[in-house]
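Visitor: I'm new to this. Could you show me how to read a structure, one feature at a time?

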Amino acid sequence: MMKMFKNSKTVAVLIAAFLLFALGASDVLAAKTEPKQKNIILATTTSTQDSGLLDVLIPIFEKETGYFVKTIAVGSGQAMAMGQKGEADVLLVHSPDAEKKFMAEGNGVNRRLVMHNDFIIVGPPADPARIKGLKSSAEALKTIAKAGALFSSRGDNSGTHAKEKTLWKQTGISPAGQKWYQETGLGMGQTLSIAAEKKGYTLADRGTYLALKKNLGLDILVEGDAALLNIYHVIEINSAKWPKVNADGGKAFADFMVSKKTQGIIKTFGVDKFGSPLFFPDAGKKVEDLGK
Amino acid sequence: MELIVQGIVKAFELLISFDPEVLGITWLSLKISGTATFISLFFGVSIGTTVALTTFPGKRLVISLINTGMGLPPVVVGLFVTIMIWRSGPLGFLEILYTPYAMIIAQAIIATPIVMGISLASIQNLPPNLRLQILSLGASRMQMVWVLIKESKLPLLAAVMAGFGGVISEVGASIMVGGNIKGYSRVLTTATVMETGKGNFDIAIALGIILLILAFLVNLLLTHIQQRQQLR
Amino acid sequence: MNHILTVQNLLVRRGGVTVLDIEQMSVETSRILALIGPNGAGKSTLLLTMAGLLKPDRGGILYRGVAVDTSARRSEMRKSVSVVFQEPLLLNTSVYKNVALGLKFRHLTNGDIRKNVEDALAYFGISPLAKRSAKTLSGGEAKRVSLARAFALKPELILLDEAFNSLDPPTRETLIDDLRHILEETKITAVLALHDREETLRLAQDVVVLADGGMIQSGTTAQVFNRPASEFVAGFVGTETILEGTVQMNRDNLLEIAVGDKMLEAVGDFAPGQTVFCCVRPENITVSADPLKKVSARNVFEAKIQKIVRQAFFYKMILDCGFPVVAYITVSSCEDLGLCEGTSVTVSFKATAVHVMARDH
């Protein structure tokens, strides 16, 4: 075999042929030759992608419609910033206050409710701040602050972070800069790992927590508060404002997310893996009606 | 510690079972970084050699720029490329954001100064009269340059390996311009970051190990070419 | 009398300094010309210009009578001219491939290349080295390879820049002899930059003396070495006996010159009262153990041997005749005559062997 490599010309030709073949045979080329309208840029959050729901839904959508969905998973803040610049075609986010502002500025059309899951406050089983069982999440945070117990915040303008900030507002306490309050700037999974490592508290979405539960060593301490609902909307980016946006594609995806069939898939997603569903389908409902 | 062991075991499992997703990711890593390295080889060696062999005003400044380019932060490159190719950017009409093409471009931009800088230094390191000697033997400019390049085979291949090493392990720019889209622009590095973010440390470590193996095999081939004696 | 190459009105400046300024210089076909001079004289620059590798600031060269003034013409000329530098400058490959390098540039067939390479290797006696890696060669072997490489191209003119510098004396000797034979056989014109007198004497038929970018003297080797044009040249060509004196008398161009308290006889055209240098080459001095009977040599002096220094093939003898004299004597003569330091001898040299020059300044 080594004899083949003795001739430098042969090697050069081999490498060149190899790469040409690779490039030619790849679907990279194939994807590029499809017309523009086939690509949809979906901006969503890391926690949504990490839940694995999209890995199930998107192939179905692509097969049905022939569109190619580019799922860009970033924080809610960045997703909406992308929408504001017309760099995405459709958003799937869960940061209602920011979304309302987004819509008010005319960046999006057809904001539709898709599903919800909830947030939970988790912490070390020893629960040094004694928040277990509290009904009010704001109350729990207040207690943590008073005890000076370690709290990990995502600190990244994500939906989770936005929810957390809303809760702190309700407590009237400003945690920023305090020694026990640490902002990681990272995704949900990593923030949970850090909280677990340091035996601290954090606010997490149930889906990510369930996915990582067995390795974490953190317990659910506070749940069920209506304020902890994590509500997902799908928003099509306004093509009147941004002509380059794939309006048809965005609409097709949004329609798909609220369709009966999809909603049915959402309802059962996660049951076989975690014993309970990760999301609750809500298309068509009113926001005020949500909650346990 | 046991996490690492878990990772090694997982790596084994993924490879032995020819897990299609992992294979796809590995293949894509090789294709993208390989193409980017090829591009950087072409531009890097040609420009580096030209700068080394010609005199012109401001040559030292140009060399400083090239040497600075060798240390370009990849994530800054990613940011600039993103701004260039997104819809509102000057090159937005190309529509290559969130494609492997964008990743190839970003990686090529990262690798080219590395190859250029090392090529420049290795050509400058040849005996100064060698160029004249080859010309006096009747070589045309192109023939002379080709002989000098072959004579610098050792450091030039080191340059290629440095360029390849830099981009196969790159993650910041790749995520930014590629989007880490499953089955399309997800490569070993970006997948590792994602799995770590999800908390799947064993998969992350496995991907890391696979990346190391890939890099090792490529460098094994390049080293063989580099160290081979031309004696026929 | 054919001039294969002529230098005309040549000016080369580098970094604001004039490196070379030569009005006129010719290289005769099928002869061996040595460029000699101290370091920095411009020998290498001149060779590079002659090779078509350097573009002068003014003037240029004529190759076979045609002006070489465009880069196209320079490239064309390079096909007939080969250059060998001081360093062998071999590539990291086999000896065969090194020697074939120039031939490959000309897109010859493999068969033709093989013939030329094998001939060139045979010329320099290095055929067995063909498959060796150039990196493993000794200094002398590498030098032969670079020479073979130049000769393989069958040039009309070959230029060598200090080609023998880095070699040890025995290697140098054999190489110089081989080179001379090859040049005589192939009738290739050669220009060599040298700074060793012996090499010059052994190899060159013509000599050009350079200093500070200018040509000081040119002529056949005999002319330059026996009749150096200035003290500087004399010192350079190794006229070791240089004596200062005053002309006392001129009778039909036979001069009597007072050197110290001795009188020298020489031939030349100088007026009495003039201060001159008298140069005698060491080879022209005869040493005798017995006082001489009648000989034709007009300069005969009693002397004492001060020092004997062994050179490669002879003894260099420093004698005191009332003025210092340097002679070269064969080893056998020394031994036959029983000469050693302190011996009293008789020194003699002909009037015609004394080269008289006006004093510089």
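Guide: Sure. Let's begin with helices (H or I, at least four residues) and strands (E, at least two), which are DSSP runs numbered from the N terminus. Just after α1(C), C:Gly52 takes a positive phi of about 80 degrees.

Visitor: What kind of model is this?

Guide: This is a predicted model: local features need pLDDT of at least 70, side-chain atom pairs count only at pLDDT 80 or more, and totals for chains, interfaces and linings use all residues. Residues are numbered from 1 along each chain as its sequence is written, while chains are lettered from A and ligands numbered from 1 in the order in which they are written.

Visitor: What is the mean pLDDT of chain C?

Guide: pLDDT is the predictor's confidence in each residue, from 0 to 100. For chain C the mean is 87, with 99% of residues at 70 or more.

Visitor: Is helix α1 of chain C buried or exposed?

Guide: A residue is buried if 20 or more other C-beta atoms lie within 10 Å of its own, exposed if 12 or fewer, and partly exposed in between, with C-beta atoms placed from the backbone. In α1 (residues 43-50) of chain C, eight of the eight residues are buried, so the helix is largely enclosed by the rest of the structure. Among them are C:Lys43 and C:Met50.

Visitor: How many residues of chain B are in contact with chain C?

Guide: Contact means that two C-beta atoms, placed from the backbone, lie within 7 Å. Here 16 residues of chain B are in contact with 20 of chain C. The largest share of chain B's side, six residues, comes from α6(B).
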